[in-house]
Protein chains: 2
Amino acid sequence: MASVIPASNSSMRSDRNTYVGKRFVHVKNPYLDSMDEDILYHLDLGTKTHNLPAMFGDVKFVCVGGSPNRMKAFALFMHKELGLEEAEEDIKDICAGTDRYCMYKTGPVLTISHSMGIPSISIMLHELIKLLHHARCCDVTIIRIGTSGGIEIAPGTVVIMDIAVDSFFKPQFEQVILDNIVTRSTELDKELSEELFNCSKEIPNFPTLIGHTMCTYDFYEGQGRLDGALCSFSREKKLDYLKRAYKAGVRNIEMESTVFTAMCGLCGLKAAVVCVTLLNRLDCDQINLPHDVLVEYQQWPQLLISNFIRRRLGLCD
Amino acid sequence: MASVIPASNSSMRSDRNTYVGKRFVHVKNPYLDSMDEDILYHLDLGTKTHNLPAMFGDVKFVCVGGSPNRMKAFALFMHKELGLEEAEEDIKDICAGTDRYCMYKTGPVLTISHSMGIPSISIMLHELIKLLHHARCCDVTIIRIGTSGGIEIAPGTVVIMDIAVDSFFKPQFEQVILDNIVTRSTELDKELSEELFNCSKEIPNFPTLIGHTMCTYDFYEGQGRLDGALCSFSREKKLDYLKRAYKAGVRNIEMESTVFTAMCGLCGLKAAVVCVTLLNRLDCDQINLPHDVLVEYQQWPQLLISNFIRRRLGLCD
């Protein structure tokens with residue numbers, strides 16, 4: 001078991017980090033610094049009501065995922081893996097005053113849920129990035145861990161994303177700003193993805209690959225499912241679309257990666273997306289895995305990220 | 001207090017209904033009926049594991065809203081208002097096996113949370129519509145109750161939507177199907193909105209109006225907020241946009257109404273959207289209401305819908 005990392009540890013070993021010097025999280029908003037108070041409404045936190053540097057200043061890793069229960073499980077898992085002294089029952093939801101998101105802090109690791117879809121993760125990211133900025137965090141790595149539908153790969157495979165593409169297989173995110181459409185790049189730090197891939201090799205029998213992740217606005221019609229309340233296309237059209245996606249390099253489909261990479265990229269956060277696939281979409285549309293298999297699959301990304309963080313912290317042999 | 005309505009009541013008084021005959025909820029998917037089993041994954045329900053007609057066959061009203069806590073509060077409120085015999089502690093979350101959505105049933109009223117944004121409510125609606133279809137529900141009215149930002153109206157005003165418009169003030173919803181963009185109408189049943197407006201007049205000092213609701217994909221840049229992690233426009237551009245929205249008939253802004261009206265319209269559900277405004281966006285961007293005021297504002301739409309349902313059920317004098 002690893003040695004104890006105090007929550008306020010500032011002498012973290014960074015010899016395995018791929019970057020040097022302090023890289024602060026930066027907001028891109030000239031109005032922000034002139035605000036007397038910043039209320040992070042959906043996180044139930046604020047600059048006047050909370051001492052954000054004291055609460056979050058030592059955060060080095062942020063892990064986000066859709067499901068509140070899964071993110072709580074990850075926080076408890078990290079707590080154990082980091083060998084923290086604090087009692088498990090002291091790991092409380094920092095955002096307990098709101099039911100929009102939940103948030104846990106275990107040593108230098110902040111874990112947050114973002115619910116489903118681009119708009120929901122976008123609200124969380126705006127407020128999270130401001131939080132990290134107000135808390136004067138530096139050298140922060142952010143990783144989304146989630147579930148996804150796979151294309152032509154076995155269920156249970158973990159896809160480490162090399163780039164996020166939209167429904168048209170383009171590596172971009174269209175952001176509506178007022179009534180203009182602005183196209184943003186979804187490029188991310190390749191080194192981080194490679195570091196994660198190398199890390200996965202150290203875990204025995206870890207089913208993983210690097211590939212494109214497609215991000216859609218919709219789970220049913222937008223992902224070519226034949227089992228929604230609405231379906232206006234044929235099975236052939238569905239398969240044609242998914243095969244074209246595969247040919248374009250897409251290995252899995254989820255609903256948050258484009259805005260996640262676009263926003264993190266703009267704000268100086270090194271980001272990665274690691275999703276396990278729950279089904280092969282060429283075979284079926286419905287997720288009908290037994291509960292224990294589902295639980296096992298969902299643990300794969302958590303295991304990888306835990307190993308990665310421990311390695312970064314110099315806690316692995 | 002109203003008389004008791006048993007959960008399985010089938011002799012509900014409908015003399016004040018504006019429609020006649022049985023209007024079933026219809027799915028538009030030729031593949032659905034040939035499926036051996038339909039797993040409503042994000043609701044943790046299914047056609048083989050649950051007797052959906054027995055559980056939901058008597059549903060006449062569906063109320064949806066973003067926050068799980070608020071929807072639970074609404075279910076408890078409806079339970080009291082309908083004078084149901086069941087003990088309050090027996091009102092359990094029907095979707096307790098998942099943390100994606102929560103669902104409560106109080107007599108003929110089904111209450112469900114949908115979290116924030118178009119993708120999240122869209123997943124819920126696909127599975128809810130299939131649920132109502134499998135349960136052979138008929139003559140169902142669905143109402144979204146929520147919070148929103150107002151334009152040029154006092155905080156605390158309840159906006160009964162006459163039509164949902166997108167960020168470009170157009171009454172349409174763009175649905176990506178495979179890699180095609182399909183434009184759907186957001187027109188809704190005007191009679192229902194008018195019935196709700198008439199109903200509101202019976203509540204003393206009820207601050208309400210009918211207007212367009214604008215639905216965006218983003219809370220910050222997409223709604224012209226100057227307080228996000230990213231902001232690339234000036235205060236003048238923000239005000240110009242919001243004033244143009246007002247001129248186009250928009251009175252409030254939220255994040256779900258276009259897909260909600262488009263999907264309900266296609267599936268034969270009479271739908272309405274009733275949102276209270278928490279701030280006047282011409283004055284500010286941040287929600288900084290005292291907790292008690294926020295709670296009071298959020299109760300307005302609930303009060304209106306409760307009165308409407310009681311009137312429809314013939315429980316009002």
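Begin with the contacts within chain A of this predicted model: among those between residues at least 6 apart in sequence, 78% join residues at least 24 apart. Keep the whole chain selected for the next few views.

Colour chain A by secondary structure, and seven helices and twelve strands can be picked out. The radius of gyration of chain A is 19 Å, close to the 20 Å that the globule rule gives for 317 residues, so the chain is as compact as a globular protein of that length. If you align the view to the principal axes, the C-alpha atoms of chain A fill a box of roughly 55 × 50 × 35 Å.

Switch next to a surface representation of chain A, whose accessible surface comes to about 11800 Å², with 50% of that area belonging to carbon and sulfur atoms. Of the 317 residues of the chain, 64% count as buried. Then select the charged side chains of chain A, where 33 are positive and 40 are negative, and where the centres of the two sets lie 4 Å apart.

Now narrow the selection to helix α3 of chain A, residues 118-134, which has 17 residues and reaches 24 Å from its first C-alpha to its last, close to the 24 Å expected at 1.5 Å a residue. With the surrounding chain displayed again, consider that 16 of the 17 residues of α3(A) are buried, that is, under 20% relative accessible area, so this helix is largely enclosed by the rest of the structure. Finally, move on to A:R136, which follows α3(A) and has a positive phi, near 55°.

Notes: Residues are numbered from 1 along each chain as its sequence is written. Chains are lettered from A and ligands numbered from 1 in the order in which they are written. This is a predicted model: local features need pLDDT of at least 70, side-chain atom pairs count only at pLDDT 80 or more; totals for chains, interfaces and linings use all residues. Side-chain values use heavy atoms; hydrogens and water are left out. Helices (H or I, at least four residues) and strands (E, at least two) are DSSP runs, numbered from the N terminus. The radius of gyration is taken over C-alpha atoms; the globule rule is 2.2 Å times the number of residues to the power 0.38. Buried means under 20% relative accessible area, exposed over 50%, partly exposed in between (1.4 Å probe, protein chains only). Contact means heavy atoms within 4.5 Å. Accessible areas come from the Shrake-Rupley method with a 1.4 Å probe; for residues, only the protein chains shown count as cover. Lys and Arg count as positive and Asp and Glu as negative; His and the chain ends are not counted. The place of a charge is taken as NZ of Lys, CZ of Arg, CG of Asp or CD of Glu. The expected span of a helix is 1.5 Å times one less than its number of residues.
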